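Please look over the sequence and the structure shown here before reading on. The paragraphs that follow lead from one part of the fold to the next.

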Amino acid sequence: MSLARRSARRLKSSRNALRRRLFLEPLEDRVVLDAYSAAVLALNPIVFFDFNENGGSTAIDSAAYQGANDGTHVGTVNYVSGRSGAAGDTAAFYTAVGGSRTTIASATAAFTNIQAAANNQVTVVFWQWEDPAGQPRADSSFSGQNAANQRIVQAHVPWSDNNVYWDAGNGTCCAAGMRLSVGTPAAAYEGRWVQWAFVKNGVTNVATIYRDGVQIANSGASTLDFGVITQFSVGGEPGGANLFIGAIDDFAVYDTALSGAQIQALYNAASGVAVEWDGGGDGVSWSDVNNWVGDTNIPDAANEIAVF
């Protein structure tokens, strides 16, 4: 074997080892990866749909934390320009035609750690665009239900009364220990991309709603522990009720309660830069700017993400 080939192998091995040490394995096979996606994946989601397929009936799960939990589009789900507006970034547009939604067949396995017997925590964070002509309406942006079709995690964003409702618990709809709600003016969500985050820590009984990285509602009395999720859908409820009309992008679910700082950092990453390692300098030094592509400096700024 030539010296050049041996050197290339050693460099590849070094890069793979660095990936493993930084827990960034989910990033390896992504063809297009922006700073926001990198930030989402770095926090180990159990499901992440970036909706960049731009066609077909499958929403590819980019999270590798518990294995692939691809979604299946039901009814008429179109693809439109995504949150960033960049080439290659697309979003799912739900029409309500034919019961349009995206379902996860492996929901029971995917969401095991959310239930009370495990972590008893959840975070759902995504971007949503709503057409002023069709909102507000009675719809659900996402819904995870038990075998009796009772909601375990579900959000109306918003409902027809312009209130955002976050239900998280054991299936007892609208109970005080399960529901958190907040009024939101139409100007805060119609006709633009908005990041929404819904968090519940069943251990501390705290539930929180964030809009564009900022907390807008909080309760320390969310006392109902999580039940078992057996069915899950984006863009409506699993059985086809309360269908959403509009676009959803970069949909992520975590089996932990992300902090306010983490939610804010995700929002900030949407305007960030993905700086990619290529080993073009000395091959080992983080501080060598020649080892990075995509910017003119090493990834040390708050809005930069290192991609390996």
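How many bridges join strand β8 to strand β15, and in which sense do the two strands run? In this predicted model, strand β8, which covers residues 142-145, is joined to strand β15, which covers residues 231-234, by four bridges, and the two strands run antiparallel. Within this pairing G144 stands opposite F232 of β15.

The two strands belong to an open sheet of eight strands with antiparallel pairing, and its order reads β2-β3-β6-β15-β8-β9-β10-β11. At the edges of this sheet stand β2 (58-59) and β11 (179-183), each of which has a single partner strand, so that one side of each is left without a neighbour in the sheet. Strands of a sheet pair through backbone hydrogen bonds, and the pairing can be either parallel or antiparallel.

Following the order of the sheet onward from β8, the reader comes to β9, β10 and β11. Strands β9 and β10 pair in the antiparallel sense over four bridges, and Q154 has D167 as its bridge partner in β10. The hairpin formed by β9 and β10 has six residues between the strands, and in this hairpin N162 takes a positive phi near 70°. Strand β10, made of residues 163-168, is mostly covered, since five of its six residues are buried. On the way to the edge of the sheet, β10 and β11 pair in the antiparallel sense over five bridges, with W166 standing opposite L180 in β11.

Two residues of β9 deserve a slower look. The first to consider is Q154, which lies in strand β9 and counts as buried because its relative accessibility is 1%, under the 20% that sets the limit. The side chain of Q154 is joined to that of E237 by a polar contact of 3.3 Å. Leaving aside neighbours within four places in sequence, Q154 is in contact with a set of residues that includes S140, F142, S143 and Q145, as well as Y165, W166 and D167.

The other residue is R151, whose place is in strand β9, the run of residues 151-156. With a relative accessible area of 15%, R151 is also under the 20% limit and is therefore buried. Residues up to four places away in sequence not being counted, R151 touches G144, Q145, H156, D167, N170, G171, C173, M178 and R179. Among these, D167 forms a salt bridge with R151, in which the closest N and O atoms are 2.7 Å apart. This pair links distant parts of the chain, for D167 sits in strand β10 and R151 in strand β9, 16 residues apart. The C-alpha atoms of R151 and D167 are separated by 7.4 Å, and both residues are buried. Side chains of opposite charge can pair when their charged atoms come close.

How many salt bridges does a search of the whole structure find? The search finds six, and one of these joins the side chains of R83 and D250 at 2.9 Å from N to O. Because R83 lies in the loop between β4 (77-81) and β5 (90-94), while D250 lies in strand β16 (residues 246-254), the pair ties together parts that are 167 residues apart in sequence. R83 is buried, with a relative accessible area of 10%, and D250 counts as buried at 2% relative accessibility. R83 and D250 are also linked with D34 in a network of salt bridges. A further salt bridge brings together the side chains of R137 and D139 at 3.7 Å, N to O; here R137 counts as partly exposed at 26% relative accessibility, whereas D139 counts as buried at 0%.

The cysteines can be considered next. A disulfide is a covalent bond between the sulfur atoms of two cysteines. The structure holds zero disulfides. C173, which is among the residues that R151 touches, counts as partly exposed at 39% relative accessibility, and C174 likewise counts as partly exposed at 39%.

Finally, some care is needed over the confidence of the prediction. The chain averages a pLDDT of 84, and 77% of the residues score at least 70. Over residues 1-32, however, pLDDT stays under 50, and for this stretch the model has 24 contacts beyond four places in sequence.

How values were computed. Residues numbered from 1 in each chain as written. Predicted model: local features only at pLDDT ≥ 70, side-chain atom pairs only at ≥ 80, totals over all residues. Heavy atoms only, no water. Buried < 20%, exposed > 50% of the residue type's maximum accessible area, 1.4 Å probe, protein only. Contact = heavy atoms within 4.5 Å. Disulfide = S-S within 2.5 Å. Pairing = 2+ DSSP bridges. Polar contact = N/O pair within 3.5 Å; in protein donor to acceptor, adjacent residues only side chain to side chain. pLDDT = per-residue confidence, 0-100. Salt bridge = Lys/Arg side-chain N within 4 Å of Asp/Glu carboxyl O.
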